[in-house]
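Hi there,

Here is the structure I promised to send over. Have a look at it first, and my notes follow underneath.

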Amino acid sequence: MPYLETNQEHFAEAASAFVRETTADGTVVLSGPCPRCGHAMEYLITKSVVKGWRARKATTPAAAPLVEEICCTCEQEHPGRPVEYLGCGAFWDLPLGS
């Protein structure tokens with residue numbers, strides 16, 4: 001399957017079945033098959049950002065919806081994919097709840 005940056009409604013529905021694990025530092029690890037290419041993938045969601053060798057907590061406005069843009073991170077070959085990228089190009093918004 002060639003690399004193609006695309007978002008389709010059914011991607012988010014299919015990815016809602018991903019396994020969600022939370023690490024000791026609060027990082028959420030989502031894992032499952034990409035809804036476009038079907039290859040195994042993992043996606044990390046963290047509340048920390050690194051800036052100049054120091055980690056700090058990201059601030060989120062209280063009213064902001066908890067939605068994360070997810071993209072395929074599989075390591076399989078997809079013709080036409082830029083060298084520095086992972087995945088097949090699929091992306092979608094995943095509601096994370098409140």
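A good place to start is Arg20, whose bridge partner in S2 is Leu30. Close by in the numbering, Glu21 stands opposite Val29 of S2. Please keep in mind as you read that this is a predicted model.

Those two pairs belong to the pairing of strand S1 (residues 19–22) with strand S2 (residues 28–33), which is antiparallel and runs over four bridges. As a reminder, strands of a sheet pair through backbone hydrogen bonds, either parallel or antiparallel. S1 and S2 make a hairpin, with five residues between them. If you look at the turn, you will find Gly26 there, with a positive phi of about 90°.

The hairpin is part of an open sheet of three strands, in the order S1-S2-S3, with antiparallel pairing. S1 and strand S3 (40–45) are the edge strands, each pairing on one side only. From one strand to the next, the twist averages 20°.

Now to the empty space. Which residues line the second largest pocket? Tyr3 and Glu5 do, along with Cys71, Cys72, Tyr85 and Leu86, and the lining also takes in Gly89, Ala90 and Phe91. By class, that lining has seven nonpolar residues, one polar and one charged. The space in this second largest pocket comes to about 170 Å³.

If you open the model in your viewer, you could begin with the hairpin and then turn to the pocket.

Best wishes

Terms used. Residues are numbered from 1 along each chain as its sequence is written. This is a predicted model: local features need pLDDT of at least 70, side-chain atom pairs count only at pLDDT 80 or more; totals for chains, interfaces and linings use all residues. Side-chain values use heavy atoms; hydrogens and water are left out. On a 1 Å grid over the protein atoms alone, a cavity is a set of points where a 1.4 Å probe fits but cannot get out, and a pocket is an open set with protein on both sides within 12 Å along at least five of seven lines; lining residues have an atom within 4 Å of a point. Grid points are joined across faces, edges and corners, and a volume is the space filled by probe spheres set on the points. Ala, Val, Leu, Ile, Met, Phe, Trp, Tyr, Cys and Pro count as nonpolar, Asp, Glu, Lys and Arg as charged, and the others, Gly among them, as polar. Two strands pair if DSSP finds at least two bridges between them. Axes are lines fitted to C-alpha atoms, for helices over the stretch in contact, and angles run from 0 to 180 degrees between N-to-C directions.
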